[in-house]
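Hi everyone, thanks for having me. I'd like to walk you through one protein model today, so please have a look at the picture first.

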Amino acid sequence: MPTENMVHMFGGTKKKSTLVDERVIFFPREDESSPRQAILQRFCQDDLLQFRNCMTANDFNENNCLPTKGIVDKCAAAAFKNVNSDPELIF
């Protein structure tokens with residue numbers, strides 16, 4: 001239990017803190033308009049296209065596309081590291 005809840009329960013505050021909101025917000029990762037996909041499109045376009053073509057050809061069975069997925073994963077790791085380290089890039 002967060003300390004904000006404990007302080008409120010024992011009369012330490014008049015208002016309940018907004019920090020006690022423990023909801024998890026899920027962001028779409030695979031939607032075409034998601035920031036993750038925009039980063040992959042910008043930095044790993046050819047690798048991503050090969051992976052998507054493989055998935056389409058194999059009836060979206062990811063197990064048949066593990067080599068191309070590994071290539072995309074390596075490219076994505078470098079791309080996200082680049083995006084996270086450059087304050088000028090905004091997605």
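Let's begin with one cysteine. Cys 75 has a relative accessibility of 18%, so Cys 75 counts as buried, the limit being 20%. Please keep in mind throughout that what you see is a predicted model.

Who is the partner of Cys 75? Cys 75 is joined by a disulfide to Cys 44, with 2.0 Å from S to S. In case the word is new to you, a disulfide is a covalent bond between the sulfur atoms of two cysteines. This pair links distant parts of the chain: Cys 44 sits in the loop between α2 and α3, while Cys 75 belongs to helix α4, 31 residues apart. The partner, Cys 44, has a relative accessibility of just 1%, so Cys 44 is buried too. The torsion about the S-S bond of Cys 44 and Cys 75 is about -100°, so this disulfide is left-handed.

How many disulfides does the structure hold? There are two. The other one is formed by Cys 54 and Cys 65, whose sulfur atoms are 2.2 Å apart. Cys 54 lies in helix α3 and Cys 65 in the loop between α3 and α4, so this pair ties together parts that are eleven residues apart in sequence. Its torsion about the S-S bond is -95°, and the link of Cys 54 and Cys 65 is left-handed. Both Cys 54 and Cys 65 are buried. If you number the bonded cysteines in sequence order, the pairing reads 1-4, 2-3.

Now let's step back to the whole chain. The protein chain has four helices and zero strands, so from the N terminus on you can read the elements as α-α-α-α. Of its 91 residues, 21% count as buried. Take the contacts between residues at least 6 apart in sequence: 38% of them join residues at least 24 apart.

How far can we trust the picture? The chain averages a pLDDT of 80, and 66% of the residues score at least 70. Helix α1, residues 3-9, has the lowest mean pLDDT among the elements, at 53, and α3 has the highest, at 94. Where pLDDT is low, the predicted coordinates should not be read in detail.

Let's turn to helix α2, residues 35-43. Which residues of α2 are buried? They are Gln 37, Ile 39 and Leu 40. Seen down the axis of α2, its buried residues fall within an arc of 160°, so they line one face of the helix. What covers these buried residues includes α3, residues 45-57, and α4, residues 66-85.

Leu 40 comes back when we look at the largest nonpolar core. This core has 14 residues, and Leu 40, Cys 44, Phe 51 and Cys 65 touch the most other members. The elements that give two or more residues to the core are α2, α3 and α4. Helix α4 gives the most, with five residues.

Two other residues are worth pointing at here. Asp 73 lies in helix α4, and the C-alpha atoms of Asp 73 and Leu 40 are 9.8 Å apart in space, although the two are 33 residues apart in sequence. With a relative accessibility of 41%, Asp 73 counts as partly exposed. The second is Phe 51, which touches Glu 62, Cys 65, Thr 68, Lys 69 and Val 72, leaving out residues up to four places away in sequence.

Two of those neighbours also pair with each other. Lys 69 forms a salt bridge with Glu 62, and the closest N and O atoms are 2.7 Å apart. Side chains of opposite charge can pair when their charged atoms come close. Lys 69 is partly exposed at 26% relative accessibility, and Glu 62 is partly exposed at 35%. How many salt bridges are counted? The count comes to one.

My last stop is the loop between α3 and α4, where you can find Asp 59 and Phe 60. Most residues other than glycine have a negative phi. Asp 59, however, has a positive phi of about 55°, and Phe 60 has a positive phi of about 60°. Are they buried or exposed? Asp 59 is exposed at 67% relative accessibility, and Phe 60 is exposed at 57%.

That's my tour. Thanks for listening!

Conventions. Residues are numbered from 1 along each chain as its sequence is written. Side-chain values use heavy atoms; hydrogens and water are left out. Buried means under 20% relative accessible area, exposed over 50%, partly exposed in between (1.4 Å probe, protein chains only). The arc is that of the directions from the helix axis to the C-beta atoms. Contact means heavy atoms within 4.5 Å. A disulfide is a pair of cysteine sulfur atoms within 2.5 Å. pLDDT is the predictor's confidence in each residue, from 0 to 100. A salt bridge is a side-chain nitrogen of Lys or Arg within 4 Å of a carboxyl oxygen of Asp or Glu. A nonpolar core is a set of buried Ala, Val, Leu, Ile, Met, Phe, Trp, Tyr and Cys residues joined through side-chain atoms within 4.5 Å.
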